[in-house]
Amino acid sequence: MELEVGMKFVNKDAAMLAVKNYNIRRSGEFKVVESDHSRYVCRCKLFGDQCSWMVRVAKTRASRFWEVRKYQGPHTCLASATSQDHAQLDSNVICQHIFPMVQADATICIKVLQGSVESAYGYKVSYKKVWLAKQKAIARIYGDWDESYNQLQRYFNALQTFVPGTIVDLQTRPYYVGNTLDRESVMFHQVFWSFPSCVEAFKHCKPLVSVDGTHLYGKYTGTLLMGIAQDGNNNILSIAFALVERENTDAWCFFLTNLRRHVATQPAVLLISDRHAAIKAALEREGCGWEHNVYCIRHIASNFATNFKSKEAKRHIVSAAYSKTQAQAQYYLELVRRSKCKS
């Protein structure tokens with residue numbers, strides 16, 4: 001598509017994107033001469049004797065559109081096709097191209113996006129540039145990181161309004177700018193939540209809860225803690241959630257106390273966990289509420305296999321845990337001992 005006088009764009013960003021796309025596809029490079037709230041003027045980098053390409057886009061007074069008022073083109077300079085990248089093929093242009101792909105699958109890998117950009121424009125762009133473009137696309141779809149955290153309070157208020165019975169314990173901390181307290185703002189600390197359907201469902205599940213945590217990756221790191229129940233058909237069900245800063249004693253105590261107080265309220269509920277020191281310390285705190293705790297055999301077996309490098313012993317440990325008689329368990333433990341000696 002050739003630019004022409006009278007061409008209209010919905011806003012300045014759309015006009016800038018069109019000018020960049022035009023030059024990228026023709027291997028031409030330009031520099032911005034003027035750019036403000038009402039005009040956008042560009043010229044070829046070789047403007048003068050070698051090339052006369054230029055474009056002037058301005059905001060129309062009668063409407064909100066931006067219009068090409070003056071145009072001299074196409075480029076008359078020789079395109080430098082030897083470069084593997086293009087100065088105008090920036091993260092904004094790439095974001096516009098990959099946006100539908102990211103919208104369809106936010107987990108799409110950067111390598112795939114790099115291939116799509118190269119196929120469309122003929123340039124090999126860097127991993128970092130495509131990564132930045134993907135972050136911009138994600139921000140357009142889901143909002144940026146800061147705005148997402150700002151919406152947490154509103155989100156949980158909406159949950160409690162439209163899903164009555166939703167349990168939320170959102171904790172914040174004072175926010176300081178330097179050494180000065182900002183009384184208009186607070187800083188997110190941690191939050192626990194569970195849905196009424198989860199609370200009701202747990203009443204019909206086995207009297208046990210497995211807990212574990214997983215790291216979150218992004219601008220603001222953290223940890224997601226979860227409580228998992230199991231019904232009579234061995235189907236699993238997530239019943240409680242928490243976002244915390246890290247897996248420490250305070251965070252686990254916060255989660256386990258709320259889990260016991262609001263969700264797993266029946267007597268003699270068994271808690272299953274790994275052997276994380278913070279979980280053990282949290283359970284020893286007064287008021288945590290858990291009387292019965294055992295360790296997950298899968299975690300124990302994995303740790304054993306890591307230390308002794310024996311997959312065979314790992315299988316025997318799991319078999320011992322699932323044994324229905326003491327004699328059968330002793331048999332598998334003896335196999336574990338022998339496997340350990342071999343390693």
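**Exercise 1.** How far apart do the end C-alpha atoms of residues 3–64 lie, and what percentage of the span is helix and what percentage strand?

*Solution.* This is a predicted model. Start with the record. An unreviewed UniProt entry annotates residues 3–64 as "domain: Transposase MuDR plant". Next, take the two ends: their C-alpha atoms lie 20 Å apart. Last, take the make-up: the span is 23% helix and 32% strand.

**Exercise 2.** Decide whether Leu256 is buried or exposed.

*Solution.* First, place the residue. Leu256 sits in helix 8, which covers residues 249–263. Then read its relative accessible area, which is 0%. Buried means under 20%. Leu256 is therefore buried. Now add a distance. Arg154 is 102 residues away from Leu256 along the chain, and 25 Å separates their C-alpha atoms.

**Exercise 3.** Find which residues form the nonpolar surface patch with Tyr127, and classify Tyr127 by accessibility.

*Solution.* The partners are Trp131 and Leu132. Together the three residues have about 300 Å² of accessible area. Tyr127 belongs to helix 4, residues 127–142. Its relative accessibility is 45%. Partly exposed lies between 20% and 50%. So Tyr127 counts as partly exposed.

**Exercise 4.** Name the helix that gives the most to the positive surface patch.

*Solution.* List the members: Arg298, Lys311, Lys314 and Arg315. Helix 11, residues 311–321, gives the most, with three residues. Lys311 is found in helix 11. Check its accessibility: the relative accessible area is 69%. Exposed means over 50%, so Lys311 is exposed.

Notes
Residues numbered from 1 in each chain as written. Predicted model: local features only at pLDDT ≥ 70, side-chain atom pairs only at ≥ 80, totals over all residues. Heavy atoms only, no water. Patch = residues over 30% accessible without salt bridge, like charges linked within 9 Å, V, L, I, M, F, W, Y side chains within 5 Å. Areas by Shrake-Rupley, 256 points an atom, 1.4 Å probe, with all protein chains shown as cover. Salt bridge = Lys/Arg side-chain N within 4 Å of Asp/Glu carboxyl O. Helix = DSSP H or I, 4+ residues; strand = E, 2+ residues; numbered from the N terminus. Buried < 20%, exposed > 50% of the residue type's maximum accessible area, 1.4 Å probe, protein only. Lys, Arg positive; Asp, Glu negative; His and termini not counted. Charge placed at Lys NZ, Arg CZ, Asp CG, Glu CD. UniProt positions renumbered as here; feature names shortened; annotations may be inferred.
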